[in-house]
There are 2 protein chains.
Amino acid sequence: MSVVKVAILGFGTVGEGVYKTIHSHAEELTAVLGKKVEVAAVLIKNKQKRRNIADEVLITSDIEEILQLPQLDLVVEAIVGKEQPFSFLQKAIKRGCHIITANKEMFASHSSELLKLAEENHVSVGFEATVGGGIPIIQTLRQLLKINRVQHVQGIVNGTSNFILTEMREKQQSFAAALKLAQENGFAEADPTNDVEGFDAFYKLMILSRIAFGQEPNWNEVDIAGITSITSELIETAEKLGLRFKHIVSAGKVGSQVKGSVSPVLVSKNHPFYHVEGVENAINVHSDIVGRITLQGPGAGMFPTASAVIEDLVYVCQSHLSRGNHSQTSQAASASVQDKKESSEFWLVHGLQGNYLNPLISWIEQIGEETFIIRAAKEDVVQLATQNKTVLFYLIVDGYQLTNLNKQESLTVSL
Amino acid sequence: MSVVKVAILGFGTVGEGVYKTIHSHAEELTAVLGKKVEVAAVLIKNKQKRRNIADEVLITSDIEEILQLPQLDLVVEAIVGKEQPFSFLQKAIKRGCHIITANKEMFASHSSELLKLAEENHVSVGFEATVGGGIPIIQTLRQLLKINRVQHVQGIVNGTSNFILTEMREKQQSFAAALKLAQENGFAEADPTNDVEGFDAFYKLMILSRIAFGQEPNWNEVDIAGITSITSELIETAEKLGLRFKHIVSAGKVGSQVKGSVSPVLVSKNHPFYHVEGVENAINVHSDIVGRITLQGPGAGMFPTASAVIEDLVYVCQSHLSRGNHSQTSQAASASVQDKKESSEFWLVHGLQGNYLNPLISWIEQIGEETFIIRAAKEDVVQLATQNKTVLFYLIVDGYQLTNLNKQESLTVSL
């Protein structure tokens, strides 16, 4: 029987999960591929550290040693960082290897170059593990929704932020206390900036957008906001209104361009994200034929992420198409999506001191001394915040339903 | 450019949706397939009825006329009934056509024969539209979860039942009133038996089970219960306990066998189905590597179902594998799933008159004169109901969490 030889770059949570899963599911892999999958090499940083890796596997901190192996079919990359893993994968592709990556920062930055290089070298690129952990969102967009024109994608894609928001709400904890708990549970890094400031979510949104629309928003035009502005008091206010803060990435077509946002927003009970709690991730896809479908599942963790890598491995091994072709298809299919105009939306505005008159802003309801629900276009809310430095503002998703609700129940809402 | 010639059997909601979508998405189909997709014929019952179908399409009530067309590549079947559509599809396969069906009753009964016949004739069978409307659950199980061993599948797969339960709870309506509303909205047939008695859900479960486990439960061993036993009072009681009735199909491996159930059960707030309301469908897949993922979306309707058919059409046209092969793979991959033992579970028991002592039943809490929460194995609950003809019983999913909750909050629960 022929053998698929795999190298794993990095042996952190994801790398180790992939290693273990290839062994625990050897029988299934052989049944599906008709070939044995073997880990030939593991790239590590520190050669002194003891790891549970079989003796016959090459363990090295030198990528060249791996690339010079007599047979190497597929490289799984699960390293932290951007430029170094990118250069490793370029070399692997030129060597003729298929590649699979779990590294969203690297892939968001270099997907075009990698996909092009892969196409030239007739190999495939798998990146299911970069977004949504074990949720098969990339393949659903790519394989299962080929004719549906995607109109809008929304996601809770940062488990750390969602965990912190859940803890703050459920246990009335401060941001700092919830963050500490996340760190103790291994859900947040010692330096949590990437997660709580929205950068991790931003990279994932760029990857999602490329698959859903064949293009990305202009990186410089996407406002990136994390969850650090959310206080216990704001969460309490939202709760009284029947709303919950969720950190949501969103991308949709406006004319021929894709617009994106990364920010905490408020969702009502009718939104499928209202109930997505803890480290769970969820992604909504609005398409023209099917309507809205939601995928929910574990967004991180050793085995969910390993699952995404392994399912990619099977797809890559079975596929003879390079991924670049698919991307073009997706582009062609979504190019004719109808123009959608931005209109005014509902916002929770907090910290507004003094009067502020603007005919473009509808004042829906005052729900606290400095807290209001307004209806306005985003640019007008931004202007409001520019003129009032203490102002925080959050989009209310499905806001129309909220105001209908409020008409009946506004008496029960007070701060 | 070459052309894919399609016949649509039946021009009800689904058939018409497919016809319209092939026209509205002609450009996308051509971009993805490199071929034009053309509806060559439509099979109808009543030739007198006026329909919005182009002149060049053959409209006939005679299947033989369609099968004798000089070119016919693919047949989409969307008829009601079992044996007649089965015989049509057998003929189409023998003629060399790929087939796609949206008919769950027919496919649940005849999938083995159709898949075998298709394999012999080197054509493909698509049936995404038989389960979950527009939710791509069949392809997710088949294409995206090839290495994960599925342990358990659960679903809300009957939109009519879910709509009725939602209406009864939200608007405190009787079953009869909610059913009438469903009929007025086109969510239920004039004869609702198939939906409200659980048969429609049963067929879908059999199809899901075959894909997830490569085999079905013994049809005679599956208890099929619909929602007709659910009263407004029961829904109110559940609500006070923080629980909701959902009509859920479920299948899992027990030893080498697959066991299934179709019944209304109670779910708590932590279950992803708690929030699935109205005609939405949702499916949970528990697999060994990835854990639990949930797919939610529109379970019925003209365009969601057409979406499933059209995405199948693309898959079938692109694929050179007959589906029979996949099915065997799935079987091989799931054959080694570890044995799982049935254990005692939590139940809401209603209508219990007089004392009933059984050492195998733990009485957790009395929540009304005749209403109790108990912990017991299913066989003991069944025995209880056999001896007390007035007894109704419902499984509480995630019951352990409920009793923990109850310890703190039991005082607030009363009838």
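**Exercise 1. A loop residue in chain A**

Task: State where A:His122 is found in chain A, and determine whether A:His122 is buried or exposed.

Solution. Step 1: A:His122 belongs to the loop between α5 (104-120) and β6 (125-126) of chain A. Helices (H or I, at least four residues) and strands (E, at least two) are DSSP runs, numbered from the N terminus. The model is predicted: local features need pLDDT of at least 70, side-chain atom pairs count only at pLDDT 80 or more, and totals for chains, interfaces and linings use all residues. Residues are numbered from 1 along each chain as its sequence is written, chains are lettered from A and ligands numbered from 1 in the order in which they are written, and side-chain values use heavy atoms, with hydrogens and water left out.

Step 2: The relative accessibility of A:His122 is 69%, so A:His122 counts as exposed. Buried means under 20% relative accessible area, exposed over 50%, and partly exposed in between (1.4 Å probe, protein chains only).

Step 3: Most residues other than glycine have a negative phi. A:His122, although not a glycine, has a positive phi of about 55 degrees.

**Exercise 2. A second positive phi**

Task: Give the phi of A:Gln172 and name the loop in which A:Gln172 lies.

Solution. Step 1: The phi of A:Gln172 is positive, about 50 degrees, although this residue is not a glycine. Step 2: The loop runs between α7 (159-170) and α8 (175-184) of chain A. Step 3: With a relative accessible area of 63%, A:Gln172 is exposed.

**Exercise 3. Two helices that cross**

Task: Find the angle at which the axes of α1 and α2 of chain A cross, and name the residues that make the contact.

Solution. Step 1: The axes of helix α1 (residues 13-24) and helix α2 (residues 26-33) of chain A come within 5 Å and cross at roughly 70 degrees. Axes are lines fitted to C-alpha atoms, for helices over the stretch in contact, and angles run from 0 to 180 degrees between N-to-C directions.

Step 2: α1(A) is therefore roughly perpendicular to α2(A). Angles of 65 to 115 degrees count as roughly perpendicular, under 35 as roughly parallel, over 145 as roughly antiparallel and the rest as oblique.

Step 3: A:Ile22, A:His23 and A:Ser24 of α1(A) make the contact with A:Ala26, A:Glu28 and A:Leu29 of α2(A). Contact means heavy atoms within 4.5 Å.

**Exercise 4. A residue in chain B**

Task: Determine whether B:Val196 is buried or exposed, and list its contacts beyond four places in sequence.

Solution. Step 1: B:Val196 is found in helix α9 (residues 193-196) of chain B. Step 2: Its relative accessibility is 4%, so B:Val196 counts as buried. Step 3: Apart from neighbours within four places in sequence, B:Val196 is in contact with B:Ser161, B:Ile164, B:Phe175, B:Leu179, B:Gly226, B:Ile227 and B:Thr228. Step 4: The C-alpha atoms of B:Val196 and B:Thr228 are separated by 6.4 Å, while the two residues are 32 residues apart along the chain.

**Exercise 5. The relation of the chains**

Task: Describe the turn and shift by which chain A can be laid on chain B.

Solution. Step 1: A turn of 180 degrees and a shift of 0.0 Å along the axis lay chain A on chain B with an RMSD of 0.0 Å. Copies are superposed by least squares on the C-alpha atoms of residues with pLDDT of at least 70 in both. Step 2: This is the relation of a two-fold axis. Step 3: The C-alpha of chain A nearest the axis is that of A:Leu295, 2.3 Å from it. Step 4: The copies meet through the same surface, because 100% of the interface residues of chain A are also interface residues in chain B.
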